[in-house]
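Open your viewer and get your selection box ready. We will go from stop to stop, choosing residues and looking at what is there.

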Amino acid sequence: MPARRGYAPSVTAGDQDWDRRTRQETETQRLDRNWASLIQELRVVQTGVQFLIGSLLILPFQAGFATLSQPMRLLYLATVAAAMGATVFLVAPVAWHRILFRRHRLGNIVAAAHRCAMAGITLLGLALTGATMLVTQAVAGPVAGVVSGAVVATLFAVAWMLAPLRWRHVSDRSDG
């Protein structure tokens, strides 16, 4: 099927052939399935991001917030910015779908939503790392805060990015 205007497929021709042969699905059915999977994934992370933002937004109104050092305030602001950015990217596909509803642009939406989900997940990892650093530093001091941040950032990088990318690379090599 020819590419739609402005649509850059995120799957290879081999994947499309596999979907047709194995799943007996058309491109439209594949897009519908991909959209449904993506929306379900976004539902999971949106709840966590919203809870994180709610928790972060009440902090400046707590009595102890005034005693934070300048570096901790900057870390707090960076954490809030990452959480807000995650929200923007994780909710954007829903807005696009509403705006482009019945415009036959699902291919564009799925491709762009995939990129938004990846950006949102990355920002969520940064926000959670910053929140971990803030809490640990407040409880156990700056060295513990930095160590906890490094550990959490490493866990996110391995679990959310490196392991699936490695599996993807191994799969790509075995496919061809």
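Which helix gives the largest share of the lining of the second largest pocket? Keep that in mind while you take in the whole chain; note that this is a predicted model.

**The whole chain**

Colour the chain by secondary structure, and you should find 5 helices and 0 strands. Walking from the N terminus, the order of elements is α-α-α-α-α. The protein chain has 176 residues, of which 32% count as buried. Taking contacts between residues at least 6 apart in sequence, 67% join residues at least 24 apart.

**The pocket**

Now select Leu56, Leu59, Gln62, Gly64, Phe65, Leu68, Met72, Tyr76, Ala131, Leu134, Val135 and Ala138, and show them as sticks: these residues line the second largest pocket. The answer to the opening question is α4, with 4 residues of the lining. Both α3 and α4 supply at least two lining residues each. The space in this second largest pocket is about 240 Å³. Colour the lining by class and you will see 10 nonpolar residues, 2 polar ones and no charged ones.

**Phenylalanine 65 and tyrosine 76**

Stay with two of the lining residues, Phe65 and Tyr76. Searching the whole structure turns up 2 aromatic pairs. In one of them, phenylalanine 65 meets tyrosine 76 edge-to-face, with 5.1 Å centre to centre and 70 degrees between the planes. What does this pair tie together? Phenylalanine 65 sits in the loop between α2 (27–58) and α3 (70–99), while tyrosine 76 belongs to helix α3, so the pair links parts that are 11 residues apart in sequence. Are these two residues buried or exposed? Phenylalanine 65 is buried, at 15% relative accessible area, and tyrosine 76 is buried too, at 6%.

**Phenylalanine 156 and tryptophan 160**

For the other aromatic pair, select phenylalanine 156 and tryptophan 160, whose rings are tilted: 4.4 Å centre to centre, with 50 degrees between the planes. Both residues lie in helix α5 (residues 142–175), 4 residues apart, which is about one turn of the helix. Why might such a spacing bring side chains to one side? An α-helix has 3.6 residues a turn, so residues three or four places apart point the same way. Tryptophan 160 is partly exposed, with a relative accessible area of 33%.

**Along helix α4**

Next, select residues 106–140, which make up helix α4. This helix has 35 residues and spans 49 Å from first C-alpha to last, close to the 51 Å expected at 1.5 Å a residue. Step just past the end of α4 to glycine 141, where phi is positive, at about 105 degrees.

Then go back into helix α4 and pick alanine 127. Which residues does alanine 127 touch, leaving out those up to four places away in sequence? Show Leu52, Thr79, Ala82 and Ala83 to see these contacts. Alanine 127 is buried, with a relative accessible area of 0%. Draw a C-alpha to C-alpha distance from alanine 127 to isoleucine 53, and you should get 9.3 Å for two residues that are 74 apart in sequence.

**Last stop: alanine 36**

Finally, move to helix α2 and select alanine 36. Here the relative accessibility is 46%, so alanine 36 counts as partly exposed. Draw another C-alpha to C-alpha distance, this time from alanine 36 to valine 110: the two are 9.7 Å apart in space and 74 residues apart in sequence.

Key
Residues numbered from 1 in each chain as written. Predicted model: local features only at pLDDT ≥ 70, side-chain atom pairs only at ≥ 80, totals over all residues. Heavy atoms only, no water. Expected span 1.5 Å × (residues − 1). Phe/Tyr/Trp six-rings, centres within 6.5 Å; stacked < 30°, edge-to-face > 60°. Buried < 20%, exposed > 50% of the residue type's maximum accessible area, 1.4 Å probe, protein only. 1 Å grid on protein atoms, 1.4 Å probe; cavity = no way out; pocket = protein on both sides within 12 Å on 5 of 7 lines; lining within 4 Å. Points joined across faces, edges and corners; volume = space filled by probe spheres on them. Nonpolar A, V, L, I, M, F, W, Y, C, P; charged D, E, K, R; others polar. Contact = heavy atoms within 4.5 Å.
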